[in-house]
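Trainee: Please take me through one part of this structure closely. I would like to look at the aromatic rings and how they pair.

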Amino acid sequence: MKILSTLILSITLLLAACSQPVAFKSSDITGVDWGKTLSLTDHNGKPRQLADFKGKAIVLFFGYTQCPDVCPTTLLAMRDVLKRLGDDASRVQVLFVTLDPERDSAQLLSGYVTAFDPSFIGLRGDDAATAAAAKEFKVFYAKQAGSAPDTYAMDHSTGSYVFDPQGRLRLLVRHGEPADSVAADIKLLLAGQ
């Protein structure tokens, strides 16, 4: 019996040593205890939650339509990621959450996100729902006064969150991560990694 136990333990250790963890290019945040819920309205007026997209990988980004640099470059990068995914792009949903519901109406948000890709969905809520979503995802944002009341800017976090098709938050993508790297990570998630 002792020999059998030793043999089973040896085989288990050998198999564990052979299975390497997945090497993502983005930051692997699998298992964090935040980023589990999101309840906002899409740019067509439909209430949305993360569960609505189960079965797809989700890329979630927080920003605003008046953003001069980070938001448009992130959305352009996500469009490039989808191109690199080919047929698998249909298994990915890009969600853009506005941090500026005061200016970003549903109509403005719709025109903005779909200009990058028709499949992108803009999400918005009132101030309280926006604050709750940002808190759930540990997103920093703050209004910075401009030269006139309606010309303010929004400082905000720049990372994107990626969920696997089972709805689990898995990756934090840094702003500026090459599209090839992000596409490779998403392919791993789509393959069940």
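Mentor: Start with F137, which counts as buried because its relative accessibility is 0%. Keep in mind that the model is predicted. F137 sits in the loop between helix 4 and strand 7, while F163 belongs to strand 9 (residues 160-163). F163 is buried too, with a relative accessible area of 0%. These two residues, F137 and F163, form an aromatic pair. Their ring centres are 6.1 Å apart and the planes meet at 70°, an edge-to-face arrangement. The pair of F137 and F163 ties together parts that lie 26 residues apart in sequence.

Now turn to the other partner, F62. The structure holds eight aromatic pairs, and one of them joins F62 to F137. Here the ring centres are 5.7 Å apart and the planes stand at 45°, so this pair is tilted. Tilted is the class for plane angles that are neither under 30 degrees, which would be stacked, nor over 60, which would be edge-to-face. F62 is buried, as is F137. In the chain, F62 is part of strand 4 (residues 57-63), and F137 follows in the loop between helix 4 (127-136) and strand 7 (141-144). The pair of F62 and F137 therefore connects parts that are 75 residues apart in sequence.

Put the pairs together and a wider group appears. Ring pairs link F62, F137 and F163 with W34 and Y161 into a cluster. Within that cluster, F137 pairs with F62 in a tilted way and with F163 edge-to-face.

Terms used
Residues numbered from 1 in each chain as written. Predicted model: local features only at pLDDT ≥ 70, side-chain atom pairs only at ≥ 80, totals over all residues. Heavy atoms only, no water. Phe/Tyr/Trp six-rings, centres within 6.5 Å; stacked < 30°, edge-to-face > 60°. Helix = DSSP H or I, 4+ residues; strand = E, 2+ residues; numbered from the N terminus. Buried < 20%, exposed > 50% of the residue type's maximum accessible area, 1.4 Å probe, protein only.
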